[in-house]
Structures are given as structure tokens and as C-alpha cells.
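Got the structure open in your viewer? Here's a short tour of what to select, stop by stop.

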Amino acid sequence: MTTRLTVAQALVRFLTAQHTERDGERRRLIGATWGIFGHGNVAGIGQALVEYAGVMPYHQGRNEQSMVHAAVGYARQCGRLATHAVTTSIGPGATNLVTGAALATVNHLPVLLLPGDVFATRPADPVLQQLEVPYAGDVSVNDTLRPVSRYFDRITRPEQLIPSALAAMRVLTDPVETGAVTLALPQDVQAEAYDWPEEFFAERVWTVRRPGPDPAELARAAAAVRAARRPLLVAGGGIRHSRAQAALAAFAEATGIPVASTQAGKGALRYDHPRDVGGIGHTGTATADELARTADLVIGVGTRFTDFTTASGTLFQHPDVRFLHLNIAPHDAHKLAALPLVADARTGLEELTGALASYKVDGAYTDEYTAAKERWERRVDACFASPDPDARPTQPQVLGALDALVDESDIVINAAGSLPGDLHKLWRARSRDQYHLEYGYSCMGYEIPAALGVKLAAPEREVWALVGDGTYLMMPTEIVTAVQEGVAIKVLLVQNHGYASIGGLSAAVGGERFGTAYRFRTQEGTHTGAPLPVDLAANAASLGMRVLRAGSVRELRAALAEARAADTPTCVYVETETSDTVSGAPEAQAWWDVPVAASATRTPAVTAREQYERHVSTRRRHL
């Protein structure tokens with residue numbers, strides 16, 4: 001039997017029948033579609049969404065990149081078992097997807113992109129917004145999505161949709177391959193009718209696999225752990241994707257091995273778990289970084305070992321340090337010349353725990369990192385403390401006020417600027433998914449739309465988007481969507497007058513903060529470094545959000561409590577006290593490679609180059 005539908009109608013109906021399953025949990029794969037309509041998708045996907053409005057929810061976005069961020073936030077909160085689709089017009093609507101697609105793919109988070117495309121039949125050539133490529137007639141602006149997509153296809157014939165749609169679902173549900181998936185849809189093909197086999201619309205369940213380790217690799221891994229005297233485990237985002245937090249806790253408790261965390265892995269253990277030693281790397285804690293410098297075995301679980309984690313190859317300094325890497329992706333499992341243990345994080349940890357049986361680290365090692373952690377917690381307490389509650393808070397004191405308010409049900413979202421470093425060092429994660437920080441792509445503007453996606457996935461929980469003024473100015477548009485749909489996200493808007501992070505970095509590498517200070521002109525002249533005469537709180541209010549202003553620590557505490565209790569989208573606006581450091585938090589505990597000018601006449605650059613050469617001389621190639 002066949003059913004006559006347009007290509008767009010067939011695609012939407014197909015998507016409503018796709019599900020995932022893992023550990024007996026079944027989810028609908030595409031929970032909703034985000035869209036901004038133009039001439040490339042309004043008559044195709046737009047009409048199809050009207051046709052199937054009863055079974056495919058629709059969310060109206062204001063910015064195409066934001067829509068992808070919202071879908072990614074939803075996917076992460078759902079443990080990658082569900083995501084959203086995003087549809088745009090041709091032209092700028094489609095190219096605006098590129099940054100969001102890159103973020104999704106870098107972070108191994110599924111999202112389905114459905115950009116409109118130029119006519120496949122070319123009745124008019126060129127058409128509005130078409131990029132003319134003289135040497136290739138089959139290239140459009142959508143080809144910019146190829147390098148940032150895990151799967152890409154252009155549907156130029158109706159029957160082509162069948163294998164392409166199935167391939168797209170396979171990639172979205174593959175724990176190794178998942179990321180952005182793009183199906184470019186020429187506008188004429190979207191509206192073309194075809195007789196579809198009914199089997200295409202049958203319900204399908206895509207099993208998200210939990211592959212176990214190879215027995216030989218498991219034996220070598222267990223032997224490496226048994227031989228270690230100062231092992232350290234680095235928990236990455238794969239712990240969260242696999243929902244392996246309980247398996248990690250059981251492993252740490254059985255072996256006594258301390259657990260440090262990347263930005264994506266923070267919260268894998270609660271902050272108060274005896275084995276948790278906090279964030280690792282350039283933005284890590286002194287406890288974790290000192291353990292890393294003396295570790296003889298580094299056990300990576302679900303991490304990509306990026307430069308922030310390894311301090312650009314300078315962190316792991318034990319002369320005989322070796323690496324063991326448990327990762328579902330072979331590409332990552334072999335990094336740093338590690339002993340690979342290719343497996344799902346939960347399955348691998350469970351089997352490795354069983355293989356180690358009676359292994360336990362020496363009690364003196366446990367006492368050492370326990371005492372170091374206690375010292376660091378006292379530093380956190382000092383950063384959070386507010387001796388004068390009527391004074392303007394520092395950025396760490398803002399975090400301290402929020403830390404004192406939330407419980408394990410709250411979710412905190414951040415992505416870029418000076419806040420990630422402070423959060424990684426200071427935040428006390430209380431649950432496996434409270435700490436939601438996108439640092440794989442470090443994309444400013446992620447926080448507010450991602451909070452929208454997370455709240456749609458977990459409507460019963462309080463969701464906080466922590467944004468500085470710089471990232472707020474990048475992408476506040478989805479506040480309008482939150483107001484329109486009544487999605488009660490909470491925005492903590494920290495006004496630190498811009499470039500707090502990159503300005504400090506510029507000063508450290510001899511750039512003398514050039515181009516990183518706000519400047520504005522008046523009739524009296526140009527003012528550099530002075531606060532701009534802007535009111536971001538008024539801006540948020542103009543977009544429909546309820547705004548609570550806080551001028552002191554005392555007012556901030558009251559505003560945060562009021563916002564948390566609100567059942568409408570609410571913003572807490574606070575201006576922070578600045579200091580000689582970026583934010584008042586402890587300085588970086590490990591290096592990060594940002595090359596410094598090798599030849600310069602100005603003293604700051606010459607001095608910075610001398611420091612750079614001292615650091616870079618400690619870099620190691622782990623072979």
C-alpha cells in the first residue's frame with residue numbers, strides 16, 4: 001500500500017514515528033520542531049507542520065542559531081535519547097545554522113537540521129538568496145554545513161528521502177557518530193507529491209548501544225590500575241551521556257581513586273563525595289591539578305582530553321605517567337598514547353570495577369587528597385563570603401549567593417566568558433545534571449536558548465541561564481520565545497562591563513587589553529574603560545521578561561529567591577564589583593597555550609614571551 005503525500009509531509013510524518021530505546025527506556029527521538037519561515041520552507045515544511053500539528057509540536061524561534069542551541073540543550077538534558085528538529089528558509093536562515101551545528105557536533109549532541117534549499121528543477125536561475133557558483137551547479141550555501149555535520153544530504157528527488165531519512169536517524173542515535181545531521185530540502189522538492197510505501201511510516205525503535213570492553217583490553221586495563229600507586233580518574237562528558245554516574249561512584253568507592261572532572265564531566269560525582277576533587281586543567285582546582293602533576297596513571301573516562309584539560313600538554317608531569325582511556329569512540333580512546341578500553345562508559349566502569357576486585361589505593365594517598373580538598377573548600381568559602389551584605393558583589397559572591405539558594409533539582413547553564421573558569425573551580429554540583437556548561441565549542445550566546453531547551457525537557461525543574469553582558473548582547477532573542485510560550489526560565493544577568501575574560505587574557509599575553517575595553521563617544525570625546533551608558537535590564541524587560549534589579553549582596557539574595565519562586569520567565573540583573581583580577585576567583589591553577597608574539601618592542605609583550613617560553617618548555621608529548 002502507498003500514501004500520497006508531499007516530501008515535507010512524508011518527512012514530518014516519518015519523524016513522528018521514530019523512537020530510541022536504552023535500558024528499557026523508550027523515548028520519541030524528535031520531540032518537536034523549531035522553525036523560522038521564509039520562502040525556502042514556508043510552503044513545504046511549514047505546511048506539513050500545519051498538517052501534523054496534532055502530533056508534531058512546533059516552537060517559534062527568533063534566531064536560527066538560537067534554535068539549534070535550544071535543541072542541543074533539550075538533547076543533552078534527555079541524555080541524547082531525544083532531540084528537536086530545526087527548519088529554516090534558504091539563504092541567511094540556513095547559514096545561521098552553521099555555528100549551532102558546529103557546537104552540536106563538537107559536543108557529540110544530536111540535532112536534526114532541515115534548511116530550505118534552492119530549486120532542484122531550476123525553473124528560475126538564480127533565485128532569491130541563491131549563491132551562484134560558476135564551476136558547480138549543485139552547490140548552495142547549505143554546503144557550508146557539510147564540515148560541521150555528522151551526516152549531510154540534499155534531497156533532490158522524492159524517493160531519495162527514504163534512504164536518507166533512515167541514515168539520518170542512524171547517525172542521530174549512534175553514541176559514537178552523533179552530532180548535527182543536515183537534510184537540505186530544495187523548496188520545490190518539499191512541495192512535490194509522491195506515493196510513499198506505508199512501511200516508511202511504521203514505528204521504528206533505534207537501540208542506543210552499550211558495547212562492552214574487549215576482554216584482552218579489559219585485562220590490560222586492570223593490570224595497569226593494579227600497578228599504579230597514584231592513579232587519578234578524569235571524568236568527561238561521556239559519563240553523563242552514558243548515565244554512568246552510579247557506576248563511577250561505585251568504582252571510586254571500591255578503589256579509592258580520586259575523581260577530577262572536565263567542564264562536561266563536572267557533577268559526575270557530587271561535590272561532597274569523598275572521592276571528588278573538583279575540576280581539572282586550566283580552569284581546575286588546585287587539588288585536582290596537583291594530583292594530576294604527580295599521577296602515575298591517568299584514567300580518562302568519556303573525555304576528549306582537550307587542551308584545557310591537559311593544560312596544553314603541561315599538566316601530567318610524572319616521569320613515568322601512563323594513560324588508560326575508557327571511551328566509546330576509538331578515536332578518543334587512543335589519545336595520549338593511552339591503553340584503550342573501547343566501551344560504553346557505564347558498561348566499561350562496571351566491568352573494570354569487577355576486574356579490580358580487591359584493589360585499593362594506599363591510605364596515605366587518600367589522606368593526602370582528602371586534606372587537599374578540604375583546603376580548597378575553605379578557599380571556595382572565602383570567595384563566596386560577603387563580609388558587607390550592602391556592598392556590590394564580586395562575581396564569585398554572585399555564584400555564592402546562587403549556590404546558597406539552589407538544591408539538587410536546579411540546573412545551571414553557562415558557556416563562555418569569565419564565568420566558566422569561576423564555575424569550574426567554585427561551583428558545588430549537587431546532582432548528576434545540575435552543571436550544564438558547554439565548553440567544547442565555548443559559544444557565547446548559548447545559555448538563554450539552551451535554558452529554553454532544558455526547561456522544555458525538564459519542566460518541573462528550575463533552570464538558570466548564567467550570562468555576562470557580552471554573551472547577553474550576542475543572543476537575547478529567545479527571551480521573546482520564552483515569554484510567548486510561558487517557559488519559566490531564570491536568567492542571571494551579570495553586568496561586568498564586557499571582555500572580562502578575554503581582556504585578562506590579552507593583558508597576560510602582552511596584548512595590553514587592546515580592543516577588549518568598551519569605548520564610547522560623546523560630544524566631550526572618547527571614553528575608554530568607562531561603563532557604557534546602556535541598560536541591559538531595561539532591554540530584557542523590553543523583550544517581555546520580568547526583571548529584578550540587585551545593587552548589593554543583600555538585594556541579590558532576595559532577588560534570586562524571588563526569581564526561583566516565580567512561575568514566569570524572570571531575570572535577575574546585578575552589576576559586579578571589579579578588581580585587579582578577572583573576577584576575584586583563584587587564579588588559574590595550570591597553564592594554557594595562547595602563543596605570544598616572538599618579536600616585540602613593547603615591554604608587556606617581551607615579558608609575556610619570556611613567561612610563555614618557560615611554560616612551553618614543560619610541554620610533553622605523551623608517547
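Start with Thr 347: this is a predicted model, and in it Thr 347 comes out buried, with a relative accessible area of 13%. That puts it in the buried class because the cut-off is under 20%. Colour residues 345-356 and you'll see where Thr 347 sits, in helix α14. Then show what Thr 347 touches: leaving aside residues up to four places away in sequence, you'll get Arg 210, Pro 211, Gly 212 and Pro 213.

Next, select residues 64-77, which is helix α3. Is α3 enclosed or not by the rest of the structure? Largely enclosed, since 14 of its 14 residues are buried. Put a distance on the first and last C-alpha of α3 and you should read 20 Å, close to the 20 Å expected for 14 residues at 1.5 Å a residue.

Now look at both ends of α3. At the N-terminal end, Asn 63 acts as the cap, with a side-chain oxygen 2.9 Å from the backbone nitrogen of Gln 65. After α3 comes Gly 79, and its phi is positive, near 65 degrees.

Last stop: pick helix α18 (residues 447-457) together with helix α20 (residues 478-485). Their axes come within 9 Å and cross at roughly 30 degrees, so α18 runs roughly parallel to α20. Show side chains for the contact: α18 brings Ile 448, Pro 449 and Leu 452, while α20 brings Glu 478, Ile 479, Thr 481 and Ala 482. Colour that α18–α20 contact by residue type and you'll find five nonpolar residues, one polar and one charged.

Methods
Residues numbered from 1 in each chain as written. Predicted model: local features only at pLDDT ≥ 70, side-chain atom pairs only at ≥ 80, totals over all residues. Heavy atoms only, no water. Helix = DSSP H or I, 4+ residues; strand = E, 2+ residues; numbered from the N terminus. Buried < 20%, exposed > 50% of the residue type's maximum accessible area, 1.4 Å probe, protein only. Contact = heavy atoms within 4.5 Å. Axes fitted to C-alpha atoms, helices over the stretch in contact; angles between N-to-C directions. Parallel < 35°, antiparallel > 145°, perpendicular 65-115°, else oblique. Nonpolar A, V, L, I, M, F, W, Y, C, P; charged D, E, K, R; others polar. Expected span 1.5 Å × (residues − 1). Polar contact = N/O pair within 3.5 Å; in protein donor to acceptor, adjacent residues only side chain to side chain.
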